[in-house]
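Me: I have a structure open and would like to learn how to read its features one at a time. Could we begin with the backbone and then go on to packing and cysteines?

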Amino acid sequence: MNEIFELPAPQLKVLLADVVTPALPGFTHNGAYLWYSSWENRCRKVVRVYPLKGADYIFQWGLCFDFLPVFGESGSCRYERTDKSVGLHLFCWPPGHWGFTIRRSVPCRFSRFCRDFGDVESQLLQAFHEAQGLFTPWFQNCCGLHGALAEARRQCDDPASQYNWPGPDYVKAFLLAVNGDVQTGMKVLDEFWTKRGGDFPPALYEKLQKKLLACADGGDNINDRK
């Protein structure tokens, strides 16, 4: 029986830099599993390799916004505006990721466990090309504040997006505000908090409300970091 080849994670990062980075002109590689574009219309494009259980990985893609506060269980808020803090705020899983049981039935997925190095590279290239065929039109349709809002609305009705954090309903609230509909944005934020806020400190909600109003007024952007 042939032994299974495992590509060590540090070598995978090198392979990603060699294979994926040249195929993403205009994106910067962070040296690991993420590529990001420059800021435009208060957002940047992001492509990420996401580690799964074992040695499997999938490609994800989405947008990072300069006005969206990200928070955790402690109640602290932060913006992901710097090159070292790029995150995915409105993003996609490969189609079928949450439904298929057979690993290779899912597009955009590859493994560090293969027959040899060449097989890892081949799987990686196939997964990237599958992802590229999906994220290229997605970026064309969703970049910009109006396209992003339409996508957030779509994801709110997509069962696969229930696993996203931040949730698309939370992202939609801030996108509504920055698109000029503050009243509806505040209502959506209130509905989000009613469903999810019990897991966080109560004072956090008031902080989020203020930040939503600030982004609607043109504050809390990448040039206003006070």
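Reply: Start with R42, which sits in the loop between strand 3 (34-36) and strand 4 (43-51). Keep in mind that this is a predicted model.

Me: What sign does the phi of R42 have?

Reply: The phi of R42 is positive, about 65°, although R42 is not a glycine. With a relative accessible area of 18%, R42 is buried, because the cut-off for buried is under 20%.

Me: Which loop holds C108, and what is its phi?

Reply: C108 belongs to the loop between strand 8 (90-92) and strand 9 (109-111). C108 is not a glycine either, yet its phi is positive at about 70°. The relative accessible area of C108 is 0%, so C108 is buried.

Me: Where does G180 lie, and what is its phi?

Reply: G180 comes just after helix 4 and has a positive phi of about 105°.

Me: Is the peptide bond from W165 to P166 cis or trans?

Reply: That bond is cis, and its omega is near 0°. P166 is in the loop between helix 3 (145-156) and helix 4.

Me: Next, packing. How are two packed helices described?

Reply: Two values are used: the angle between the axes and the distance between them. Here, take helix 4 (residues 168-178) and helix 6 (residues 203-216), whose axes come within 7 Å and cross at roughly 35°. The crossing of helix 4 with helix 6 is right-handed.

Me: Which residues make the contact?

Reply: Helix 4 contributes Y170, A173, F174, A177 and V178, and helix 6 contributes L208, K211, L212, C215 and A216. Of the residues in this contact, nine are nonpolar, one is charged and none is polar.

Me: Why do some numbers in such a list lie three or four apart?

Reply: An α-helix has 3.6 residues a turn, so residues three or four places apart point the same way.

Me: How many residues of helix 4 are buried?

Reply: Eleven of the eleven are buried, so helix 4 is largely enclosed by the rest of the structure. The buried residues of helix 4 include P168, D169 and K172. Against what do they pack? The partners are strand 5 (56-65), strand 6 (70-71), strand 8, helix 3, helix 5 and helix 6.

Me: Is D190 in helix 5 buried, partly exposed or exposed?

Reply: D190, in helix 5 (residues 182-196), has 38% relative accessibility and so counts as partly exposed. D190 and Y170 are 20 residues apart along the chain, and their C-alpha atoms are separated by 9.4 Å.

Me: Last, the cysteines. How many disulfides does the structure hold?

Reply: The structure holds zero disulfides. C108 is in none, and the nearest cysteine sulfur, that of C92, is 10 Å away.

Me: Why is C143 not bonded to C43?

Reply: The sulfur of C143 is 5.0 Å from that of C43, the closest cysteine sulfur, and this is too far for a bond, because a disulfide needs the two sulfur atoms within 2.5 Å. C143 has 26% relative accessibility, so C143 counts as partly exposed.

Technical notes
Residues are numbered from 1 along each chain as its sequence is written. This is a predicted model: local features need pLDDT of at least 70, side-chain atom pairs count only at pLDDT 80 or more; totals for chains, interfaces and linings use all residues. Side-chain values use heavy atoms; hydrogens and water are left out. Axes are lines fitted to C-alpha atoms, for helices over the stretch in contact, and angles run from 0 to 180 degrees between N-to-C directions. Helices (H or I, at least four residues) and strands (E, at least two) are DSSP runs, numbered from the N terminus. A crossing is left-handed if the near helix is turned anticlockwise from the far one by less than a right angle, and right-handed if clockwise. Contact means heavy atoms within 4.5 Å. Ala, Val, Leu, Ile, Met, Phe, Trp, Tyr, Cys and Pro count as nonpolar, Asp, Glu, Lys and Arg as charged, and the others, Gly among them, as polar. Buried means under 20% relative accessible area, exposed over 50%, partly exposed in between (1.4 Å probe, protein chains only).
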